[in-house]
Amino acid sequence: MTQLLPPRSAVWPLGVVLLAATLLPWGVSAETTPPEGPLVSMEVLSRPHDGGTRVGLRYRITPGWHIYWENPGDSGMATSASVTTSDGVTHSALQFPGPVAFEADGLVGYGYGGEGMLFLDLPPGTSGEVLVSSRWLVCREICQPESAEVRLDVTGRDDGAGMARFESTLPRAIEESDGVTVRRRAGTLVVTVSGAASATLFPSVELEAALGGKRPSFLSEEIVNSDAVLALRANLSGPSADGALHGVLRVDRATGPTFFALTAPPSPRSDP
Amino acid sequence: MIRCLTLASLVLALPLMGCSPSPANAEAAAKESVAPTAAAPGAATLGEAAPDFTLNDLDGTPVSLSDSRGKTVVIEWFNPDCPFVKYAHGRKGPLRTLAATHAENGIVWLAVNSGAPGKQGAGLERNKKAVVEYAMDHPVLLDESGVVGKAYSAKTTPHMFVVNEAGVLVYAGALDNAPLGNSTGATQNYVDAALADLSKAGAVSNPSPKPYGCSVKYGS
């Protein structure tokens, strides 16, 4: 059983759910005033996870509008959320699935359109009612800040079936068999992907700064053992460039997209 | 398509950028045209000379960055209908009194609206009302062509820039760490901190925190 609760401000009509696309149009015509009422509704689900509880915050977004990833891109605001458990402890370490990109007038944003789910893991022993709070900015050509609070009893609850397809888009660690390498060579980030039709880097705020705000693309580079190799090479500079840098890598193969957690190791000169 | 149009508009803008009017002829240029003049010699870069520009204020008077040579100048990208600007200039917002407070120390504060005609928050009448609504004492300059905004790579409202007394761009980033008043820790006003660093004749310690807010409503 799932619990569907509207934002605290008002009830809105649930719209048609759209599957996320990799590039959504942003800014279809001059728009100066947002429509009446909330543009996003939030539903909360939960399931057992690693001995604790995983909470999923599901956002249903009015078609054509979007909310933001942890790095919103050129503009916008990261979606935030917290869960306060019955013992009064607040948890706020959100996990973001791989985003999509929005582009207009040379400005790029990262986020979710149509529908999206963020996750927050609670420790073993969590039971009873929790308070889930979230704030987001929803934009098309113009923006509207919204928020919601939902109370949910997580005891014995298992909404795994409704969470699975979103969890499958959480970035996972790169394994040797994935055909992905991430290296740092003399101030250059080098990422290679073999056997993929395309690959896209979504940088964290720190990695974006280290890239000097540039958005490097993957280029077809060579053929190794009959596999085409896509490669991204980008200079790292700036104050945050020497530390470990993070991002999300989307790889599109015939089997569909996979999101990887990308970590560029610290520069050797920053080692203690 | 959008990219092509953007590139085309930039190409069209290049002659304007290359023909930056000097302060001496800026007034004459403004009188020749009802539209605000906008010119910038090149892209703004932290640590380098801030590109000069001339834009009309809401009374039609041309204002140039170089008019304030020898003074510290804060440039605030502005859209009166963006929720972040509404909050920041609202009764409890961080921009309600910040400009006036620093004006007492001789700091010049300029708001620039790069919204294209018809876009949210754009236009002379809307901005005249906003100045009253937000009790703003500092000028709002209209940059409807977006030439100045693009020269400064202004992406959001508010996106804040600080030019020091030597005319060097020393800050380009967020207003603070509290979008809409919400911060995860103690609230820090980055612009206030940058101006404090400059007042101690020091370098700005945090010169480019990532800006947040609405996208600047450029024309295509």
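Here is a walk through this two-chain model, starting with chain A, moving on to the contact between the chains and ending with a few single residues.

Keep in mind that this is a predicted model, in which local features need pLDDT of at least 70, side-chain atom pairs count only at pLDDT 80 or more, and totals for chains, interfaces and linings use all residues. Residues are numbered from 1 along each chain as its sequence is written, chains are lettered from A and ligands numbered from 1 in the order in which they are written, and side-chain values use heavy atoms, with hydrogens and water left out.

Let's begin with chain A. Its secondary structure comes to 2 helices and 20 strands; here helices (H or I, at least four residues) and strands (E, at least two) are DSSP runs, numbered from the N terminus. Of its 272 residues, 50% count as buried, where buried means under 20% relative accessible area, exposed means over 50%, and partly exposed is in between (1.4 Å probe, protein chains only). Chain A has about 12,200 Å² of accessible surface, and 54% of that belongs to carbon and sulfur atoms; such areas come from the Shrake-Rupley method with a 1.4 Å probe, and for residues only the protein chains shown count as cover. Now look at contacts, meaning heavy atoms within 4.5 Å. Among those in chain A between residues at least 6 apart in sequence, 71% join residues at least 24 apart.

Next, see where the chains meet. Chain B and chain A each put 23 residues into the contact. Between them they bury about 1,800 Å², 57% of it on carbon and sulfur atoms; this buried area is the accessible area (1.4 Å probe) that two parts lose on being put together, summed over both. There are 3 salt bridges between the chains, each a side-chain nitrogen of Lys or Arg within 4 Å of a carboxyl oxygen of Asp or Glu. One of them pairs Asp74(A) with Lys155(B), whose closest N and O atoms are 3.2 Å apart. On chain B's side, α1 (2-18), α3 (83-88) and β9 (214-215) each supply at least two of the residues that touch chain A. The largest share, 3 residues, comes from α1(B).

Now zoom in on chain B. Thr72(B) sits in the loop between β2 (62-64) and β3 (73-77). With a relative accessible area of 10%, Thr72(B) is buried, and its contacts beyond four places in sequence include Gly106(B), Val162(B) and Asn164(B). Follow that last one: Asn164(B) is in the loop between β7 and β8 of chain B, and it counts as buried too, at 17% relative accessibility. A polar atom of the Asn164(B) side chain lies 3.0 Å from the backbone nitrogen of Ala166(B).

Finally, some backbone oddities. Most residues other than glycine have a negative phi, and most peptide bonds are trans. Thr157(B) and Pro158(B), however, are joined by a cis peptide bond, with omega about 0°. Pro158(B) is in the loop between β6 (156-157) and β7 (160-163) of chain B. Leu180(B), in the loop between β8 (169-173) and α7 (190-199), has a positive phi near 55°. Over in chain A, phi of Ala186(A) is also positive, near 45°. Is Ala186(A) buried or exposed? It is exposed, with a relative accessible area of 84%, and it lies in the loop between β14 (180-185) and β15 (188-194) of chain A.

Note on methods: Polar contact = N/O pair within 3.5 Å; in protein donor to acceptor, adjacent residues only side chain to side chain.
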